[in-house]
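Colleague: Could you walk me through this one while I have it open? I would like to go piece by piece.

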Amino acid sequence: MERSQWYIGSPNGVVLCVDQVEDGSLSGRMYHGYSTEAVEIRELDQLLFELERFFDSINFPYPWRPGDLHHPCTAPSEQQLAGADHMDGQG
């Protein structure tokens, strides 16, 4: 029986299948949950470009903006967490 869908694991998940590594250069395929077609990869820099294009297309990660509770790369402070309960309708 042929599979009709593949489980990636999360909406923003990517599966990379490396088919060949030769002289330090890789080639393979990249899959994600928004397409049934593989993205062919021939070089590492192409992989990075395709990952960037994919994540931009799904707006992931959502960009941090000044005024957000905390920067996504840092844990919130105790003071920020205490104030989060009193943010009248913001968020």
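Colleague: To start somewhere concrete, where is the place of valine 21?

Modeller: Bearing in mind that this is a predicted model, valine 21 has its place in strand 1.

Colleague: And is valine 21 buried or exposed?

Modeller: Valine 21 counts as exposed, because its relative accessibility is 58% and the cut-off for exposed is over 50%.

Colleague: Which residues make the nonpolar surface patch?

Modeller: The patch is made by Leu16, Val18 and Val21, and its nonpolar surface comes to about 260 Å².

Colleague: OK, on to the sheet. How many strands form it, and in what order?

Modeller: There are 3 strands in an open sheet, arranged in the order 1-2-3 with antiparallel pairing. Strand 1 and strand 3, the latter spanning 39–41, stand at the edges with a single partner strand each, so one side of each is left without a neighbour in the sheet. From one strand to the next, the twist averages 15°.

Colleague: How many bridges join strand 1 to strand 2?

Modeller: Strand 1, residues 14–22, is joined to strand 2, residues 25–32, by 8 bridges, and the two run antiparallel. If you want to follow the register, valine 14 has histidine 32 as its bridge partner in strand 2, while valine 18 is partnered there by glycine 28.

Colleague: What about the other side, which residue of strand 3 is the bridge partner of glycine 28?

Modeller: That partner is isoleucine 41 in strand 3. Strand 2 and strand 3 are joined by 3 bridges and again run antiparallel, and they form a hairpin with 6 residues between them.

Colleague: Which strands does helix 1 touch?

Modeller: Helix 1 packs on the sheet and touches strand 1, strand 2 and strand 3, with its direction making about 15° with that of strand 2.

Colleague: Going back to strand 2, which residues are on its covered face and which on the uncovered one?

Modeller: The covered face of strand 2 consists of Leu26, Gly28, Met30 and His32, whereas Ser25, Ser27, Arg29 and Tyr31 make up the uncovered face.

Colleague: Changing topic to charges, how many salt bridges does the count come to?

Modeller: The count comes to 2 salt bridges. In one of them, the side chains of aspartate 19 and arginine 29 meet at 2.8 Å, N to O. That pair links distant parts of the chain, with aspartate 19 in strand 1 and arginine 29 in strand 2, 10 residues apart.

Colleague: Why do aspartate 19 and arginine 29 count as partly exposed?

Modeller: Aspartate 19 counts as partly exposed because its relative accessibility is 46%, and arginine 29 does so because its relative accessible area is 23%; the partly exposed class lies in between the cut-offs of under 20% for buried and over 50% for exposed.

Colleague: And which residue forms a salt bridge with arginine 53?

Modeller: Arginine 53 pairs with glutamate 50, and their closest N and O atoms are 2.8 Å apart. Both residues lie in helix 1, residues 44–57, with a spacing of 3 residues, or about one turn of the helix. Arginine 53 is partly exposed because its relative accessibility is 45%, whereas glutamate 50 is buried because its relative accessible area is 12%.

Colleague: Last topic, backbone angles. What phi does aspartate 23 have?

Modeller: Aspartate 23 is not a glycine, yet its phi is positive, at about 55°. Most residues other than glycine have a negative phi. Aspartate 23 sits in the loop between strand 1 and strand 2, in a hairpin that has 2 residues between the strands. With a relative accessible area of 80%, aspartate 23 is exposed.

Colleague: Where is asparagine 59 found, and what is its phi?

Modeller: Asparagine 59 is found in the loop between helix 1 and helix 2, the latter covering 78–84. Its phi is positive, about 55°, although asparagine 59 is not a glycine. Asparagine 59 counts as exposed because its relative accessibility is 57%.

Key: Residues numbered from 1 in each chain as written. Predicted model: local features only at pLDDT ≥ 70, side-chain atom pairs only at ≥ 80, totals over all residues. Heavy atoms only, no water. Pairing = 2+ DSSP bridges. Helix = DSSP H or I, 4+ residues; strand = E, 2+ residues; numbered from the N terminus. Patch = residues over 30% accessible without salt bridge, like charges linked within 9 Å, V, L, I, M, F, W, Y side chains within 5 Å. Areas by Shrake-Rupley, 256 points an atom, 1.4 Å probe, with all protein chains shown as cover. Salt bridge = Lys/Arg side-chain N within 4 Å of Asp/Glu carboxyl O. Buried < 20%, exposed > 50% of the residue type's maximum accessible area, 1.4 Å probe, protein only. Axes fitted to C-alpha atoms, helices over the stretch in contact; angles between N-to-C directions. Contact = heavy atoms within 4.5 Å.
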